[in-house]
There are 2 protein chains.
Amino acid sequence: MSDAPGLTPAQTAQLAMLLEVASDPKPGNVDRRHDHSDTTFLDFIASSVGALPSLRRAREDGVGVGEVFEDAVRRSQFHSGGNTHFGALLLLVPLVSASYSDAGLGSVSSVVEETTVEDSVRFYDSFSHVDVYVEDDTEIDLPDVNHEGATDEVRERGLTMYDVMEASAEIDDVAREWVTGFGRSFTASGYIDEAYHETRDVNTSVTTAYLRLLSERRDTLVEKKHGREVAEEVRRQAEDILRGGLSAEDLDSALLDEGINPGTTADILSAGVYISLREGGLRL
Amino acid sequence: MSDAPGLTPAQTAQLAMLLEVASDPKPGNVDRRHDHSDTTFLDFIASSVGALPSLRRAREDGVGVGEVFEDAVRRSQFHSGGNTHFGALLLLVPLVSASYSDAGLGSVSSVVEETTVEDSVRFYDSFSHVDVYVEDDTEIDLPDVNHEGATDEVRERGLTMYDVMEASAEIDDVAREWVTGFGRSFTASGYIDEAYHETRDVNTSVTTAYLRLLSERRDTLVEKKHGREVAEEVRRQAEDILRGGLSAEDLDSALLDEGINPGTTADILSAGVYISLREGGLRL
């Protein structure tokens, strides 16, 4: 109705989390019709409810991205379904912070570049709230999150949260967003807007954007868990769906059966939904 | 995770709204797999996001049930999908207010009995935000919500919000909750707890409670829209499902086809989910 007020940035992020997870099918990921064995659709809903008060804190002066992020991860994990929104929040928190600032959403690069060592410490602390998939054996020169003295090392080396993401960018496309101006998040938003302009259907817009993202780059969560070849195969299959050669439902069934979930792509999609809702390209 | 903080009453209400609408199948109503032609699953999600800031206001001193309700209806209706949570909020707002008070959830009867004429005026105002189904031709002696001078009449006659619900209780089971100590809401919660204790499955618990409620009393929204016979037939069909004679999916298809939605039962179910989440009988 016309007299309803607009959503705040925090509410918009919550809605983005919910629309992303509800949209179906997103091959390999949780949606309204598909649970994972350990993490269900309802866990994602619960997580979105839990995170809101933390996201609202992004508007407060003196509350950094790391603090908001850690608080949001902690509050979102009151369900028993394992990791739900760790990656999505890593993108949404800076976007929400930028939206609350006078400079607006476009200032998200400054928001992440200005993160401090203290933000980084809170980021490391957030791993204690949830079981996030972390590769053991990488070339990345960062303190090990599973090592007790990690935050001491963060402080000693003076690593900001941006530094941490910069070092991780090579193997993690969520971290890569931080050092590339959230380029794929804005691209995702463009895909959503385009499909929404054509179809006026939220579900179709979100799932189309998902497939386009998935077809463009190997999902880094799939690559970490299952190797480069599997990730490349998934990418090619998404391409095949867009060309009309394979159905999204068939790929969905296959990936769910094999336990292959392109979670990084879903995280970036959440950021895209957020941007589209904020900028008005997607409406309900 | 064990270190996650509990949800506030407002967050719990939001989660209850989301779990109620997500649970499937609920014959005739919107769920994660079924939209109505005018109102979709995603509209209900959006509505739950919009309502939260209003629900939080229930903890403020001097903010009455009517004001919170009107604000929640207004904020929830930013989508274009028509009425989503009018009835559910009419139950959740007093329950949330009671939960924020020192006396707790059990004091919900006092909360509604203490409503004022000003609450009633705000309740009447809330009809301007959304197209709610209201019967034209009833014996109920109340100011007509579609009449411009309705709130003046409310003030002249000194009708509190409780008085309005008392007068409506005969034809509307949501209003009836106000004057019967939220009896069926607590009953619904009992059904949910029982099923959850047995199954540990949120979806099954919510849908089982829905069918039990539906089998016990004619849904008043169905009765208003389609008459007593249709409402009674739906009640008997729910009974039949519980006896194993009919499948919930078949009744769901039939009711959706005919546009028969037992919305009152869904509203009371939302209140039941809220109570179960608050009291710990239902967990995620």
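In this predicted model, helix H3 (residues 65-76) of chain B packs against helix H6 (residues 117-126) of chain B at an angle of about 15°, and their axes lie 7 Å apart. Because angles under 35 degrees count as roughly parallel, H3(B) is described as roughly parallel to H6(B). The points below look at this helix pair, then at one residue of chain A, and then at how the two chains are related.

**The packing of H3(B) and H6(B)**
- H3(B) passes H6(B) in a crossing that is left-handed.
- On the side of H3(B), the contact is made by Val65(B), Gly66(B), Glu67(B), Phe69(B), Glu70(B) and Val73(B), while H6(B) contributes Asp119(B), Arg122(B), Phe123(B), Asp125(B) and Ser126(B).
- Sorted by class, the residues in this contact of H3(B) with H6(B) are four nonpolar, two polar and five charged.

**Ser54(A) and its surroundings**
- Ser54(A) belongs to helix H2 (residues 41-56) of chain A, and it has a relative accessible area of 0%, so it counts as buried.
- When its neighbours within four places in sequence are left aside, Ser54(A) is in contact with Val68(A), Asp71(A), Ala72(A) and Arg75(A).

**How chains A and B are related**
- A turn of 180°, with a shift of 0.0 Å along the axis, lays chain A on chain B with an RMSD of 0.0 Å, which means that the relation is that of a two-fold axis.
- In chain A, the C-alpha nearest the axis belongs to Arg32(A), at 3.0 Å from it.
- The copies meet through the same surface, because 100% of the interface residues of chain A are also interface residues in chain B.

Note on methods. Residues are numbered from 1 along each chain as its sequence is written. Chains are lettered from A and ligands numbered from 1 in the order in which they are written. This is a predicted model: local features need pLDDT of at least 70, side-chain atom pairs count only at pLDDT 80 or more; totals for chains, interfaces and linings use all residues. Side-chain values use heavy atoms; hydrogens and water are left out. Axes are lines fitted to C-alpha atoms, for helices over the stretch in contact, and angles run from 0 to 180 degrees between N-to-C directions. Helices (H or I, at least four residues) and strands (E, at least two) are DSSP runs, numbered from the N terminus. Angles under 35 degrees count as roughly parallel, over 145 as roughly antiparallel, 65 to 115 as roughly perpendicular and the rest as oblique. A crossing is left-handed if the near helix is turned anticlockwise from the far one by less than a right angle, and right-handed if clockwise. Contact means heavy atoms within 4.5 Å. Ala, Val, Leu, Ile, Met, Phe, Trp, Tyr, Cys and Pro count as nonpolar, Asp, Glu, Lys and Arg as charged, and the others, Gly among them, as polar. Buried means under 20% relative accessible area, exposed over 50%, partly exposed in between (1.4 Å probe, protein chains only). Copies are superposed by least squares on the C-alpha atoms of residues with pLDDT of at least 70 in both.
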